[in-house]
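Work through the following exercises with the coordinates open, and try each task before reading its solution.

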Amino acid sequence: MTAGPGPGAVPSPAAEGGGVPTARALARARRRRSAARFLAAYRTHRGGVAGLGALVLVGLVALGAPLLVGSGVRSVADAPGSALEPPSARFPLGTDRFGRSLLGLLVWGARISLTVGLLAAVLSVAIGTLVGIVAGHFGGWPATVLMRVTDWFLVMPTLVLAIVLATVMSRGLVTVVVAIGVTSWPTTARLVRAATIAVESRPYIERARALGGGHGHVMRRHVLPHVMPLVLAQTTLGISGAILTEATLAFLGLGDPTVVSWGGMLQDAREAGAVSSGHWWYLAPPGIAIAVVALAFTLCGRAVESVLNPRLGVGR
């Protein structure tokens, strides 16, 4: 007598469909099992869980900013308070030099800072992934040219290049995203190229070529899926750097003056003389917010990196 499956067993695709499972059903089942293993391993990293919780909270606050504080909080003409009021029951974080609530500006600024950080990190990783895969796949003179360009970007200070681009281009969020994205991709390119070379040396790549697979097929169907875990980890780690760079550009007066961001709040505080006059409530909230979000993304990135590559030995 054969015992049936236990109560916690996951039914196979054949059992669910009542027949022979299709290739698509098998692929979906494998993806579900991989996702379940990833989540189970991720939950064992206390720092990653704490970072993810902080990011979820900040993300919900950013999405709900129009409901929580309203869009009128950015208006200078309709500022509800007087200039540079200290924290009080009416204004928990005080007011800025125009009399606007710093709490409302902090909540609204989360939208811009997170958006710029995400878009800049995605652009940076996309460029680095493309350069790394092409250089690792073709080799020869294309790899030499691409790697020499990568080395040039590596030796040049990223912040200096971003400042130059933000200066010569028209001021705006798109300029900030482009300036950060096109100057911070070399590390990703190096890592992806090394991973591509390792994947290209495997026997199934030779079989794919023998069966008629072209360059595009090999890179898209075989190389890219194997380097995606590395790309995901780099994206998570790159967001924190992008947020810090955006805050630095805004603090230097190179951001978009028409929007509210955490870096822009620090720039306003500097122009108002908050450092010399002792108005700490003007500087502390955006600075702490930037540090917390950057730390949260870093913790998430380290946890993702450790789960996808346990041999790194990242601490929990």
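**Exercise 1: two helix crossings**

Helix 2 and helix 14 cross in a right-handed manner, where a crossing is left-handed if the near helix is turned anticlockwise from the far one by less than a right angle, and right-handed if clockwise. This is a predicted model, in which local features need pLDDT of at least 70 and side-chain atom pairs count only at pLDDT 80 or more, whereas totals for chains, interfaces and linings use all residues. Residues are numbered from 1 along each chain as its sequence is written, and side-chain values use heavy atoms, with hydrogens and water left out.

Task: at what angle do helix 2 and helix 14 pack, and which residues make the contact?

Solution. Begin with the axes, which are lines fitted to C-alpha atoms, for helices over the stretch in contact, with angles running from 0 to 180 degrees between N-to-C directions. Helix 2 (residues 23–42) and helix 14 (residues 280–308) pack at about 125 degrees, their axes being 10 Å apart; helices here are DSSP runs (H or I, at least four residues; strands are E, at least two), numbered from the N terminus. Helix 2 is therefore oblique to helix 14, given that angles under 35 degrees count as roughly parallel, over 145 as roughly antiparallel, 65 to 115 as roughly perpendicular and the rest as oblique. Next, list the contact (heavy atoms within 4.5 Å): Phe38, Ala41 and Tyr42 come from helix 2, and Cys300, Ala303, Val304, Val307 and Leu308 from helix 14. By class, this contact has 8 nonpolar, no polar and no charged residues, with Ala, Val, Leu, Ile, Met, Phe, Trp, Tyr, Cys and Pro counted as nonpolar, Asp, Glu, Lys and Arg as charged, and the others, Gly among them, as polar.

Task: repeat the analysis for helix 9 and helix 11.

Solution. Helix 9 (residues 186–200) and helix 11 (residues 215–251) pack at about 135 degrees with axes 10 Å apart, and are therefore oblique to each other. Their crossing is right-handed. Helix 9 contributes residues including Thr187, Leu191 and Glu200, and helix 11 residues including Val218, His222 and Gln234. The residues of this contact divide into 9 nonpolar, 6 polar and 1 charged.

**Exercise 2: an aromatic cluster**

Task: which residues do ring pairs link to Phe153, and what is the geometry of each pair?

Solution. Rings of Phe, Tyr and Trp (its six-membered ring) pair if their centres lie within 6.5 Å, and planes under 30 degrees apart count as stacked, over 60 as edge-to-face and the rest as tilted. By this rule the count comes to 4 aromatic pairs. Tryptophan 152 and phenylalanine 153 are edge-to-face, at 5.1 Å centre to centre and 90 degrees between the planes. Phenylalanine 153 and tryptophan 185 are tilted, at 5.1 Å and 55 degrees. This second pair links distant parts of the chain, 32 residues apart, with phenylalanine 153 in helix 6 (residues 140–155) and tryptophan 185 in the loop between helix 8 (173–181) and helix 9. Ring pairs thus join Trp152, Phe153 and Trp185 into a cluster.

Task: is tryptophan 152 buried, partly exposed or exposed?

Solution. Buried means under 20% relative accessible area, exposed over 50%, and partly exposed in between (1.4 Å probe, protein chains only). Tryptophan 152, at 45%, is partly exposed, whereas phenylalanine 153, at 19%, is buried.
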